[in-house]
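The following exercises ask the reader to work through selected features of a predicted model. Each task is followed by a solution in steps.

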Amino acid sequence: MSYSGLSEKEVKDNFSKYGYNEIREVSGVSPVRILLRQIKKNLVVYLLFFAMLISFFVGKIITAYTILGVLIIVISVSFFQEYKAESAIEALKKMIMPVSIVIRNGKEKEIPTKEIVPGDIILLRTGEKVPADCIIFEEKDLKVNESILTGESKELHKAAIHNTQKHQDINLVFMGTFVTRGKATVQAMHTGMNTRFGKIAGMISTAEKSLPLQDKINYIIKYMVFSAIFTSLLTGTIMIVKNLPFSYSLFVETLVVALALSVAAFPEGFPVVLITALASGAHRMAKKNAIVNRMSIIETLGETTVICADKTGTITTGEMTVKKVFVSNKMLDVSGVGYEGEGNISYQNKKIKVENHASLALLLKTAVVCNDARIERKGTDKEFNVYGSQTESALLVLASKVEIYKDDIKAKRLEEIPFSSERKMMSVLVSEGKKNYVYSKGAPEMILKKCEYIQVNSKVVKMTKKQRKKLLVITHQLAAQSFRTLALAYKPSKGTSIKKLEEKLIFIGLVGMDDPPRDEVKESIELCRTAGIKVKMITGDNKETAKAIAAQIGLHGEILLGEELDELTDDELSKVIDDIAIFARVRPEHKLMIVRVLKQKGEIVTMTGDGVNDAPALKESHIGVAMGKNGTDVSRASSDLILKDDHFSTIVDAVKEGRTIFSNIQKFSAYQISINVAQTGIVLLSVLFGLPLPLIAIQILLMNIISDEITAITLAFNPYSKDVMNVKPRKKTQLINKSLFIMIIIAGLVMAAGALFMFNYIHAIKGESLTAARTSVFIIMTFFAIANAFNFRSFRKPVPKLDLLANENLILASIGSILVSFIAIYTPLRDIFGMSPISITNWGIAILISLTVIFAMDVVKVINHKYNFMHHST
């Protein structure tokens, strides 16, 4: 049946009435929800609030209000960064714009799904998400997964309606569900919030995925808080014991010291910097065509040990071009590249006229009729836009080179058996005038099993064993040249029964398609090898094609066929899988088996997929990667990462970015903790040695804003190291391991010692006031924070060997830190922060002493490099 669809005027009228076909998500980016989450989950907020209450209690009113201000800043900055991050993720998801094929003004047209209006005629195919609530006009073997609405993942059969006035759920498909098999022509009834999905959107679970990095950050925060409480209690006990008898003034003084210690240990900036690092990383990945679906996978990306990649479209270009045609015992050559109709078919360098070659004409007709793709001219030349699978599109382009087009063939499709990964073939029954014909295409070995006859020139003869064997040899020869091969067959049909559609077919010929590897793949595979990441190529193509492509891209290893996988148990596969680099003639269930076995061996698996049946494997893998250009809606919905360009190298870039992000998070975590260790050490040691406090709570708070909220956040933007892919993958690494803990302690102690020396020199030796001494300590700690930030830009390279201008944000933050310090000292704000102007000499001494932390850390790095005590990539 033909449909005219809506006219442009009807589309405009319906759009004015119903608006965009969108779900206004209740679970989207909610400012209130983010704010409540910040207050609820941020342990630092509770600790600062408690510190504020203590300040009020002991009469430190200015300190209390300052802590309140810091509290507001922490919540505000955290809220802003998380809101910005969530908005960025939402924006990234929208970069993969869903499209649908509709019929308008009698023509098929691809439009953004959100522009669908009630009344639109929509064409649905396997793997697509249903874009609206629709009534089914026509269907073929249509099965739908409605788990998003019902919670049940089983496939439901749907049927076309016979009476438009009476319909049941079996005659409807609903927005948000997926077509798992078959195809249909449907009409949109309801769109957007008027759909069944839209009406229950507010009730759909929006449970947030656990973020492993957040758990690791919280783990560190808990330890730091425990340390702060323990240190505060220990210090308080020492103070009370040393100054007995007990008095109210001693109690107040002890609380003030405990307050200073607590503030020193509070990592206010941790949550803020974490979300900033993840959001900026996701943004950088998007620039490289990798769209993050779930923030939680960014950490796992850096741990990847195995990449299982589809051959077609990921390792290869995916732009199929028919280069060879074998028909009537002759191997014909086809010129032209990609989806351009320029080219011709020739035999021994002589152009063939298709009208003089009956078998070739029949082969091309079969390729066009048994085909669900379509092509459209981009302009007046013969360059085409293609809609549908690459393989079918290539067949249409082949036929266009001799001016054979689907629209010119008068054939009405009566029945069909769609292609599936299990059957590896497709057949259609069509009516041509008063006669019916079956046309089939598929994998040569599958088609040959169905053929009893062969057409040579204009004659149909019984196929002999010798001919069958010869055709298989030719198939292998084409495959060995990296051609993807398809066989085509046909037969006249008297009946219309689908049961015997594919019996006793007549073999016509073979086509060999060229799908060359992408230029950058060989280099990317070599990079993976250097990084300790194993690459396994998975393809539905035959053994020879797979081996030829593997040789071109430098992928070495054993090959295993799908039929061999069928004979293996998980344990048997586990014993040999390390040696297997190529899996050929696999089915989607084989992918699931491969992922399962690799995970059992402790590998971190990244798996690519584009078909509806790849969804289980994508969900099972640690990182499921879907194709943005040629993938199905089902695979994209099941994935963690979507490739806008479908390139293998984009996966490698994403792994590189994942490693860089984790490394940067390690760097700012180590940096912040080292500053907190230094501040705690200053207060604790001063109490132990009976010195006045070198820093009071309000000064520590200001210092934390400088180091945590300004300087530390810039380490999240550290550019990736050139050798980040030169080390083996880390496996479930803690943010702070033993070796890094040693670096933190050394840096903290050096800074604490330098600050105490500065305090003693200014106050005890030079005899300057306590306020001037505290101001000098504040200045030296500001310079220590800047110097230490450059230390932690790399765990391996000494500071003089770093490109100091590589992180421009750090340069600006350093200048900003000095400016804030200057304002706090040389403006009336100094009365609030308990500071006073100091001499140029004191500034100079502070700068010189602050360089000691660079010298100390560079010595540690050199020793580490010499004896390999610590294992860091950057």
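**Exercise 1. The two sides of helix H15**

Task: Determine which residues of H15 are buried and how they are arranged about the helix axis.

Solution. Begin with the list: the buried residues of H15 are Leu471, Ile474, Thr475, Leu478 and Ala479. Viewed down the axis of H15, these buried residues fall within an arc of 135°, so they line one face of the helix. The spacing can be understood from helix geometry: an α-helix has 3.6 residues a turn, so residues three or four places apart point the same way.

Next, consider the face turned away from the buried side of H15, which carries the exposed residues Lys465, Lys466 and Lys469.

Then check the length. The expected span is 1.5 Å times one less than the number of residues. For the 16 residues of H15 (residues 465-480) this gives 22 Å, and the end C-alpha atoms are 23 Å apart, which agrees.

Finally, look just past the helix: Ser482, just after H15, takes a positive phi of about 70°.

**Exercise 2. The packing of helix H16**

Task: Identify the buried residues of helix H16 (residues 521-530) and the elements against which they pack.

Solution. The buried residues of H16 are Val521, Ser524, Ile525 and Cys528. They cover an arc of only 100° around the axis, which puts them on the same side of H16.

The second step is to name the packing partners. The buried residues of H16 pack against strand S9 (306-310) and strand S23 (534-538), as well as against the helices H11 (311-315), H17 (543-553) and H23 (648-688).

After the helix comes Gly532, with a positive phi near 80°.

**Exercise 3. Positive phi outside glycine**

Task: For Asn329 and Lys504, state the phi values and the places in the chain.

Solution. Asn329 has a phi near 65°, a positive value in a residue other than glycine. Asn329 belongs to the loop between strand S10 (321-327) and strand S11 (330-334). With 46% relative accessibility, Asn329 counts as partly exposed.

Lys504, likewise a residue other than glycine, has a positive phi near 55°. Lys504 sits in the loop between strand S21 (483-493) and strand S22 (505-514).

**Exercise 4. Salt bridges and what they connect**

Task: Examine the salt bridges Arg104–Asp120, Asp541–Arg484 and Lys766–Glu768, and say where the partners of the two Arg–Asp pairs lie.

Solution. The general principle is that side chains of opposite charge can pair when their charged atoms come close. With a limit of 4 Å between the side-chain nitrogen and the carboxyl oxygen, the count comes to 30 salt bridges.

Take Arg104 and Asp120, whose closest N and O atoms are 2.7 Å apart. Arg104 lies in strand S1 (residues 99-104) and Asp120 in the loop between strand S2 (107-112) and strand S3 (121-124), so this pair ties together parts 16 residues apart in sequence. Both Arg104 and Asp120 are buried.

Now take Asp541 and Arg484, where the closest N and O atoms are 2.7 Å apart. Asp541 lies in the loop between S23 and H17, and Arg484 in strand S21, so the pair ties together parts 57 residues apart in sequence. To classify the partners, recall that buried means under 20% relative accessible area. At 5%, Asp541 counts as buried, whereas Arg484, at 24%, counts as partly exposed.

In the last pair, the side chains of Lys766 and Glu768 meet at 3.2 Å, N to O. Lys766 is partly exposed at 33% relative accessibility, and Glu768 is partly exposed at 23%. Elsewhere, salt bridges that share partners join Lys183, Asp372, Arg413 and Glu416 into one network.

**Exercise 5. A nonpolar surface patch**

Task: Which residues make the nonpolar surface patch of about 440 Å², and which helix gives the most to it?

Solution. The patch is made by Phe56, Ile61, Tyr65, Leu68 and Ile72. Helix H4 (residues 61-94) gives the most, with 4 residues. Phe56 belongs to helix H3 (residues 43-57), and its relative accessibility of 33% makes it partly exposed.

**Exercise 6. The surroundings of Tyr437**

Task: Is Tyr437 buried or exposed, and which residues does it touch?

Solution. Tyr437 is located in strand S18 (residues 435-442). Its relative accessible area is 19%, and Tyr437 is therefore buried. Leaving aside residues up to four places away in sequence, Tyr437 touches Val428, Leu429, Val430, Glu432, Tyr490, Lys491, Pro492 and Ser493. The C-alpha atoms of Tyr437 and Arg413, which are 24 residues apart along the chain, are separated by 9.7 Å.

Definitions and conventions: Residues numbered from 1 in each chain as written. Heavy atoms only, no water. Buried < 20%, exposed > 50% of the residue type's maximum accessible area, 1.4 Å probe, protein only. Arc of directions from axis to C-beta. Contact = heavy atoms within 4.5 Å. Patch = residues over 30% accessible without salt bridge, like charges linked within 9 Å, V, L, I, M, F, W, Y side chains within 5 Å. Areas by Shrake-Rupley, 256 points an atom, 1.4 Å probe, with all protein chains shown as cover.
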